Structure formats: C-alpha cells, structure tokens
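Biologist: I want to learn how to read a ligand shell and a sheet. Could you take me through them?

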Amino acid sequence: MQTNAAGRAIGLDFGTTNTVAALSRDGGSAELIGFEGAQASGSVFRSALCFWQDEGVRGGLAYEAGPWAIAEYLDYPQGSRFIQSFKSVAASPLFEHASVFDKRFRFEELGQRFLERLTGHAGSGLDTDGARIVVGRPVDYAGARADPALARERYDRMFAGFGAEVHYVYEPLGAAFSFASRLTEPTTVLVADFGGGTSDFSIVRVAEPEARPRCVPLSSSGVGIAGDRFDSRIVERLVLPLLGKGGLYRSFDKILEIPAGYFSDFSDWSKLALMRNRRTLDELGKLRRSAVEPHAIDRMIAVIENELGYALYDAVGQLKRTLSSEDRASFRFTGGGLDIEAEVNRADFEGWIAPDVARIEAAVDQALARAGMAALGIDRVFLTGGSSLIPAIRAIFARRFGEDRIGAGGELTSIAHGLALIGQSEDIAEWAV
Ligand SMILES: Nc1ncnc2c1ncn2[C@@H]1O[C@H](COP(=O)(O)OP(=O)(O)OP(=O)(O)O)[C@@H](O)[C@H]1O
Ligand SMILES: [Mg+2]
C-alpha cells in the first residue's frame, strides 16, 4: 500500500480541448487551480500551443500555451503556428512529429512545453515539487489505430520530472469521485464524460460516506468520438464542399472525383493544425493544377497558409454551442477567399451526428454489459464534459434511464476535482491503470 507522504496531491485533467488542475491536501477537499493574469479564464486552460519565430529566444522559436497561445495567435495569425487537440494523436502510431517552422516536435516535446507554460501561468498555486500527481487518461484513446502502450510511453516522457510520483487514472473515475462527494447514500452510478476527443464511461458503486474504500469501479468503456468529431461533421457539411470536396480532377485522359483523403485532415483539428508543411502544400498545389475547379483548392490552401484553422474552429464551436440552447443558429466564416453564411437547424445537426451518437450508445451498452448490469441497476447517471451539454447526448440517457436519475454539473472541472481527491486515497495503486 502506498500512502501520500507529501500530503499534497494534484489532479491533472489533460484534455483534448481544455486542461484543468486541482489541488488537495491531507485527506481534505480539493480546490481548482486558477490561472493568473489578463488572459486568464478562471481554472480552464485551453489545450493549445502557439509557436512563433523570435530571434531573441534560444533556438529562435518562442511559444505559449492555453489562453496565452490564443492571444499570441490573434496578435499575428500568419506568423504563428497554432496547435490544438494534440492529445488526439497521443496513441497514434502514424504521428511521429509536428513540423513547426524548421523544427520537429514529438508528442512529448509538445506536452512538456504545454505543461511548462501551464505551470508558469498557475503561479504558486501549482507547486508540483514533492507532490503526488494524478493524471487522467481516456478509457479508449482517439484515432483509428490507437495504441494505448504507445500513449503510455509518451505520457511517461511528457510527465517525467513532474511532481514526486505520477499515477494514471481513467478520466470518468475522476468524475465519479467528484460526484460521490455529493452523495449521502450507497448508490450505483454511471458516469458519462463527453469531451473533445473521447467519450468515456464508468460504472461505480459508491458506498456510504464513512466507508473505505468509498468507490468501487465495476466497469469502464469508451470511444474516440466526441466534440471534435461533431465539429468535423459541421465542417464536412458547411465548408468542405467549397474547398473542392466532391469535385473533379483530370488524370491523364480521365475525369475523376477528387479522393476524399485530401479533405480528411482538414476536418480534424489535431491534423488541420499540422497541415501547414511543405509536403502537404506541395500535394495540394499538384491537385490544384489538375482540378476542374482550381479556385476551390486555392481556398483550401489559403485557409492553411493564412493559419485560419483557429478562426474556423471558433466559428464552428460557436454554432455548436448555440445549437445546444437554441433550435436554430447561424454559421458565419470569412477568410481565405471563403465567405460562408448558413442557417442551421438543431435537427439538421442531429442528423449529421446521428452515426456518431449511435456508436456512443454502443459504448454505453458495453459499460453495462461489462458490469453485468441492466439499465435498472443504475441508480444515478452523472453527465459531465463539455459535449454533455448537447441535447442529443443528454437525450440518450433520458430515454434509457429517465430524467429523474440524471445529475449533471462541473462539465469542465469535475474530473480534475475528482482526480485530486483520488490522490488522497491510501490505495492509489488500485485506482491507477
Ligand atoms: N454548450 C456546448 N454545447 C456543445 N458542445 C460544447 C458546449 N460547450 C463545450 N462544448 C464542447 O465540449 C468539448 C470540450 O469539452 P471538455 O473540456 O470536457 O473536453 P476535454 O476534456 O478537453 O476533452 P477529452 O476529455 O476528450 O480529452 C469541445 O468539443 C467543445 O466544443
Ligand atoms: Mg475530458
């Protein structure tokens, strides 16, 4: 049995979209860590990096992370390389490095720079020296050929030297611990966490408040489909047709449809952020020369070369968030020769994401099957993560478990809060993956 000698534990929810840290002390409660300064947005730190060339710094490349990365990017978009959603490539054997100006960064090199800036902006609040660190991880990583062992090696290198000891815990178990602190009676809870990159589920038996252990995990499941995928559905419908998707090109004496592969990276934030490299731009240049409608390909090249990925992300996110509360919303994006204005009904969006929602439901079934339980065995459902605010997601659980069993809250912060609480448990090894 391992105890927390330092008495201080830091829960770190390194998310695809947002990162949140929380601190707990000596078996007590946990508090979120805030970020200081003008760019701060409370305790939520965007999981983004911005690089730019600066002769004055060592290596000639300066960088920032979180809200500070966004501010640097907005200051001079063309001179920036804005990288977001890079957690999505953690388990990908296809990802070797990101090319940023003339440098290459492996996953852990991006991660270390991100952590270094995150720690700096948290000031004295995030003193990792001697602390136990509890880092969340998805149950199933994003990506078609996700390799969890590779993700583990990369996380180990990213977090080397961070705190006195590092433990990895399934993200929904963090949320379960946070939710358990609101419960007063023994309860079987299904936690469903919908983030940017993954949707993760855990079924947990929560005992009465005095009991040790307080929570016993019964099963977990997950799928690499979440907010970023919903964004890509919006990009596929509203943007890609204007960039040549579905268009034609000449190949010798034939006229063929442009292969969809040219567009798949564009609608994936983690990959769009890395498309501004010589090889990709050369390929697009060749496609442009053979395309029947070269102007469409010009627009795609312009969005990449003018580093407009973040602006597009922002427009898509605004549409998606508005559709969570309204029946209808407008989409507006200008730049790179594009000027898009479209009205979208919530029902349209729900149709676009229906295949994704079906795969998410299958993962919920898997969590129940792995626990050997039927829906009736679940006393409470705890919905968390930013994408749980989408009505079609909530509807899955209302339909299966009934509205009165659903609890929600701390959409962006519950996991970090619970991970910090787990850091106080004497049997941390049993929680770790
Ligand atoms: N009101 C809303 N309606 C719909 N989606 C939303 C809303 N608010 C936030 N989101 C989405 O939630 C996602 C971010 O949620 P969250 O911070 O929980 O993810 P994350 O923890 O960074 O990702 P992951 O857990 O997958 O690594 C983004 O895709 C964002 O667009
Ligand atoms: Mg998350």
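Modeller: Start with helix α10, which gives the most to the shell around ligand 1, with 4 residues. Helices (H or I, at least four residues) and strands (E, at least two) are DSSP runs, numbered from the N terminus. This is a predicted model: local features need pLDDT of at least 70, side-chain atom pairs count only at pLDDT 80 or more, and totals for chains, interfaces and linings use all residues. Residues are numbered from 1 along each chain as its sequence is written, while chains are lettered from A and ligands numbered from 1 in the order in which they are written.

Biologist: Which residues come nearest to ligand 1?

Modeller: A residue is near if its C-beta atom, placed from the backbone, lies within 6 Å of the molecule. Here 24 residues surround ligand 1, and G15, T17, G195, G227 and G386 come nearest. Both α5 (227-238) and α10 (309-325) supply at least two shell residues each.

Biologist: What order do the strands of the open sheet take?

Modeller: In general, strands of a sheet pair through backbone hydrogen bonds, either parallel or antiparallel. Pairing requires at least two DSSP bridges between two strands. In this model the order is β14-β13-β12-β19-β20, with mixed pairing. β14 (215-223) and β20 (406-408) are the edges; each has a single partner strand, so one side of each lacks a neighbour in the sheet.

Biologist: How many bridges join β12 to β19?

Modeller: There are 5, between residues 187-194 and residues 380-384, and these strands run parallel. V191 has F382 in β19 as its bridge partner.
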